[in-house]
Amino acid sequence: MGSIMPEEQQRFKPAFAKEANTLEYAQSLDAKDHLRSFREKFIIPSKSNTKTKKVVKPETEDPCIYFCGNSLGLQPRATREYLSTYLDTWATIGVHGHFRPLENSPMIQWQLLAEDVSRQFAPIVGASPFEVGIMGSLTVNLHLLMASFYTPTATKNKIILDWKAFPSDHFAIESQIRQHGYNPEESMILIGPEEGTFEVTTEKILSVIDEHASTTALLLLPGIQYYTGQFFDIKTITTYAQSKGLTVGWDLAHAVGNVPLQLHDWNVDFAVWCTYKYLNSGPGGVGGFYVHERHGKVDYSEGENKPVYRHRLAGWYGGDQVGRMNMQNSKSIHSFRPSPGASGYQVSTSSTVELASLSGSLSVFNQTSMADIRKKSVKLTAYLETLLQSSPHYKHGFSIITPSNPEARGTQLSVLLADGRLDTVSDMLEQAGIVADKRKPGVIRIAPVPLYNTYSEVWNFVQIFNEALAKFN
C-alpha cells in the first residue's frame, strides 16, 4: 500500500471518459451503480433539516449532500425498528428480556446479543466470531487491551505510534506509559512523513521499527489515518514488526466498514474500533475489539481450578457463561474463569440499547459484502479525485493530501486549502446543504460513503466547491 509505484497504481485506479465532468455522466454512473438500492435504506437529512434549531421530523424532499460518514454515519431506516423492539421488550417483559427469546423480534435475547453482534461483525473485520468482542467505547477498549498487551520492561518500554494520532489515542498511550513509571518523552516514538509531505510510506515505518525494535514493546498505529485518509499496509507492517519481537495493535476507527480487513490472516495481535462512523450505529455507539485466537486460549491442563490465560483486567462479563451467574468468589482458587476468545476480555454488561442500534445497521451490511462496498468505494472516490484534479483551483487553491493510490486509501479524500480559505469555503458548503468535516487550520475531509452517496452528489459538490474557491480569485 505504501510501496506501489505510480505506473502500477494506474492498474488499480478507475478511468473516466472525457465528459466525466458533467451531470449527465455522473447520472449514468449512478444508473449502473450495483449498490444504488442501498441509499433507500438510510434516512438522508434534507437541507432544511441540517439547518434546523429545534427537533423536527425527517424530511424527504431536497436532500442534503452528506459527506461526513467518516465522522458520524447516517441513520439506517432499520434502526428505529430495532430500538422500538428493544423498548417494547423492556416495557412488556422487563428482566425476562435478558433470557427469553421472542418469536417476532429481529434480535436475539439480550443475554446473547453481544455474542450475536460479534458473529455478524466477524466478516467485516476478517476474523472468526471467537476473535471479536463488542463493548464499551474505543478509548476504554484501548486502555483495557493495552493493560494486557503493553507489558514494558526496563529495557523494552517504547510504543511506536502515528505522528498525528487521534488525540484520544495519543492521550491513552501517554497515560499508559506513565502508569508503568516511564517517561513519555522517551518512550513515545512518533512516525511522521518526510518534510513537506503527508504520506507515511511503509518503508519509513519499517525503518523506524528497525531503529527502535530492541527497546520497543508495542507498535500501535491507525489502520486509516484520520487526518490524511491514508490506509496503511497492515499485513506487511504487522508481519515485520512481529518478526522484530514487537506486539502489534491497530486502531481501526476509520477502517472498519470502509475497507476490507483480514485481521486473522494478517496475524494482528489486537485491534479496537468505534461503530458510529462507517458502521452507522449512532453517536457514541458501542465499541468493538479484536483479539487473535492465540491470545484468547484458556488452558485447564493444570487443573479445573487453575486456568492459565493471558492476563487482562477482568470483569464478570468476561467470565465463562456456564458459571457467570453462580456469583462465586474465593481467594483460595482462581474464581475468575474467562470465556475463551475475545469475549473473555469483556468487562461489563454491554449496553443493550447500543447493541440494538448497531444491530439495525448490521442488518443492512448483511445484505451486501465488504468486497462490494469496496468496489464502489474505489470508483466513487476516484471520480471525486478526477473532478477535483480538473478544477481550475487545483494546486494553487488546494491540494489533495490523501494518497492517490486507491490501495492506500479508503473512501475519504482530505483536501488542504490554501491559507485563509477554510472558513469561507466551509460556510458556502454548509449554506448549499453540504455536510463535510473541517479540521483547522485548512483541511476539509470529504467522505462519499458507498452505501448512501451517489456520483451525482460528488459532481454537485465539486461545482459548489469550485464556486467557493472562485471567491478568492
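**Exercise 1. Determine what share of the protein chain counts as buried, and describe its overall dimensions**.

Solution. In this predicted model, 54% of the 473 residues of the protein chain count as buried, where buried means under 20% relative accessible area. The accessible surface comes to about 21000 Å², and 52% of that area belongs to carbon and sulfur atoms. Turning to dimensions, the C-alpha atoms fill a box of roughly 75 × 60 × 40 Å along the principal axes. The chain has 14 helices and 13 strands. Its radius of gyration is 23 Å, close to the 23 Å that the globule rule gives for 473 residues, so the chain is as compact as a globular protein of that length. Finally, among contacts with a separation of 6 or more, 72% are accounted for by residues 24 or more positions apart.

**Exercise 2. Work out how strand β6 is covered and which strands it pairs with**.

Solution. Begin with the strand itself: β6 spans residues 247–251, and five of its five residues are buried. Next, consider the directions of its residues. In a regular strand the side chains alternate between the two faces of the sheet. In β6, T247, G249 and D251 point one way while V248 and W250 point the other way, and all are buried. Then look at the partners. Strand β5 (residues 216–222) runs parallel to β6 and is joined to it by five bridges, with W250 as the bridge partner of L221. Strand β7 (residues 270–273) also runs parallel to β6, through three bridges, and here D251 stands opposite V272. As a last step, follow the connection from β5: together with helix α10 (residues 234–243) and β6, β5 makes a right-handed β-α-β unit.

**Exercise 3. Establish the strand order of the open four-stranded sheet, identify its edges, and find the helices that pack on it**.

Solution. The order is β9-β10-β13-β12, with antiparallel pairing. The edges are β9 (398–400) and β12 (437–439); each has a single partner strand, so one side of each is left without a neighbour in the sheet. From one strand to the next, the twist averages 25°. For the pairing at one edge, β12 and β13 (residues 443–446) are joined in the antiparallel sense over three bridges, and K438 has I444 as its bridge partner in β13. Helix α12 (residues 370–389) packs on the sheet by touching β9, β10 (413–417) and β13, and its direction makes about 20° with that of β10. Helix α13 (residues 422–431) likewise packs on the sheet, touching β10, β12 and β13, with its direction at about 35° to that of β13.

Terms used
Residues are numbered from 1 along each chain as its sequence is written. This is a predicted model: local features need pLDDT of at least 70, side-chain atom pairs count only at pLDDT 80 or more; totals for chains, interfaces and linings use all residues. Side-chain values use heavy atoms; hydrogens and water are left out. Buried means under 20% relative accessible area, exposed over 50%, partly exposed in between (1.4 Å probe, protein chains only). Helices (H or I, at least four residues) and strands (E, at least two) are DSSP runs, numbered from the N terminus. Two strands pair if DSSP finds at least two bridges between them. A crossover is right-handed if, with the strands pointing away from the viewer, the path from the first strand over the helix to the second runs clockwise. Axes are lines fitted to C-alpha atoms, for helices over the stretch in contact, and angles run from 0 to 180 degrees between N-to-C directions. Contact means heavy atoms within 4.5 Å. The radius of gyration is taken over C-alpha atoms; the globule rule is 2.2 Å times the number of residues to the power 0.38. Accessible areas come from the Shrake-Rupley method with a 1.4 Å probe; for residues, only the protein chains shown count as cover.
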